[in-house]
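Here are my notes from going through the model, as promised. Have the viewer open while you read.

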Amino acid sequence: MSTEKMNTQKKEPLVWDDKYILMVRDLKKYFPIKGGMMNRVIGQVRAVDGVTFNLARGTTMGLVGESGCGKTTTGRTILRLSGEKTGGDVLFNGKEVYDLSKAELRNARTKMQIIFQDPFSSLSPRLPVGEIIGEAVREHNLVPKEEYEEYIDKVMDNCGLQPFHKDRYPHEFSGGQRQRICIARALALNPEFVVCDEPVSALDVSIQAQIINLLNELQEKYKLTYLFISHDLSVVEHISDTVGVMYLGNLVEYGAKEDIFAHPLHPYTEALFSAIPVPDPTAKMNRIVLEGSIPSPANPPSGCKFHTRCKHCTKRCMEEAPKQHEVEKGHYVVCHLYDK
């Protein structure tokens, strides 16, 4: 996927490009830290601290990184599920998501959906499956009443569920079936963009493959666009067209899947990819072990946030935050090693 380089330092309005369904520039989301006798704000957790990328229609972007790097918060902030953003721009189909009125946001909800990580806790135990999937369909009046049951049956069939499952409750299903219910609930609204928040991490490996194949089939059938958040780099390589690597709230590398996996540029990306298991037991792993601990997002280090764990660290890395560089066409990295 081609990507337009954006200068996040400038504050001019973000110019919409119709080939993208989503354009994100310098997105920030901070959470307050409160304390003291008066419970005042004494600090901020910089969960997302300046994320920039474009997502083309009908493609999948994989978002990877360590636990706590801000992947899930990025997805939820894009969908306006975490309160107000702290800064930046989020354009969906040319409109700023955070400028939408209540009525406009209600309509946009049908076009932007999310599949949550845990299929156990994201389904109401008090509702039968048919009601879980059809609740939003009825709320948004997507189909006439006389076509409602047939429509829900079709959605369930597309996700590998049978019509007689409608009267059952979530606890009667396996983990894989529950995730199919979550997918059916999201797709019932005919969305254009779906945030997949680690949708297979809680499933067995054999079931993971079924769910990934299902997502691929549905994407091809309905021309869906995915933001796929995951820890599993093998899954990301299989499903993604582009890949973004996050570290401590920042996107440190971004580009086409083939470029990222064949030629990782950022030292953090190299270390992350070196941990991918190799199926050959006789193969020698060139594992890069990062020393030190992950800094706190409430008190990130100055300069490059990765400098406390980077073997290439210089004095400049400690003092000056690196800028985004396009090292090869569509392949961006945020690192002083590539300053020209």
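A term before the points: a pocket here is an open set of grid points with protein on both sides within 12 Å along at least five of seven lines, and a residue counts as lining if it has an atom within 4 Å of a point. Also keep in mind that this is a predicted model.

1. Start with the second largest pocket. β6 (112-115), α3 and α5 each put at least two residues into its lining. The space in there comes to about 330 Å³. There are 15 lining residues, and those closest to the pocket centre are M112, Q113, I114, F116 and L189. If you're thinking about probes, the lining splits into 11 nonpolar, two polar and two charged residues.

2. Next, the packing of α3 on α4. Helix α3 covers residues 129-139 and helix α4 covers 148-158; their axes sit 10 Å apart at an angle of about 115 degrees. The crossing of α3 past α4 is right-handed. On the α3 side the contact uses V129, G130, I133, G134, E135, V137 and R138, and these meet Y148, Y151, I152, V155 and M156 of α4. Sorted by class, that contact holds eight nonpolar, two polar and two charged residues.

3. Which residues of α3 are buried? They are V129, G130, I132, I133, G134 and V137. The buried residues of α3 pack against α4 and also against α5 (175-187). Right after the helix comes N141, with a positive phi near 55 degrees.

4. Helix α1 (residues 71-78) is mostly covered, with six of its eight residues buried. The buried ones are K71, T73, T74, G75, T77 and I78, so you'll find a lysine's name in that list. Just past α1, R80 has a positive phi of about 60 degrees.5. Two more positive phi values deserve a look. E198, not a glycine, has phi at about 45 degrees; K223, also a residue other than glycine, has phi near 55 degrees. E198 is in the loop between β7 (193-197) and α6 (205-222), while K223 is in the loop between α6 and β8 (225-229). Are they buried or exposed? E198 counts as buried because its relative accessibility is 7%, and the cut-off for buried is under 20%. K223 is exposed because its relative accessible area is 63%, and exposed means over 50%.

6. Now H266, which sits in the loop between α8 (257-262) and α9 (267-273). Why does H266 count as buried? Its relative accessibility is 2%, so H266 falls under the 20% cut-off. Setting aside neighbours within four places in sequence, H266 is in contact with V252, E253, F306, V333, V334 and C335. For scale, D232 is 34 residues from H266 along the chain, and their C-alpha atoms are separated by 19 Å.

7. H266 also turns up in the lining of the largest cavity. The count of cavities of 30 Å³ or more is two, and the largest has a volume of about 70 Å³. Its lining consists of H266, P267, C304, F306, H307, C310, H312, C313, C317, C335, H336 and L337. By class, that makes eight nonpolar, four polar and no charged residues.

Definitions and conventions: Residues numbered from 1 in each chain as written. Predicted model: local features only at pLDDT ≥ 70, side-chain atom pairs only at ≥ 80, totals over all residues. Heavy atoms only, no water. Axes fitted to C-alpha atoms, helices over the stretch in contact; angles between N-to-C directions. Helix = DSSP H or I, 4+ residues; strand = E, 2+ residues; numbered from the N terminus. Left-handed = near helix turned anticlockwise from the far one by under 90°. Contact = heavy atoms within 4.5 Å. Nonpolar A, V, L, I, M, F, W, Y, C, P; charged D, E, K, R; others polar. Buried < 20%, exposed > 50% of the residue type's maximum accessible area, 1.4 Å probe, protein only. 1 Å grid on protein atoms, 1.4 Å probe; cavity = no way out; pocket = protein on both sides within 12 Å on 5 of 7 lines; lining within 4 Å. Points joined across faces, edges and corners; volume = space filled by probe spheres on them.
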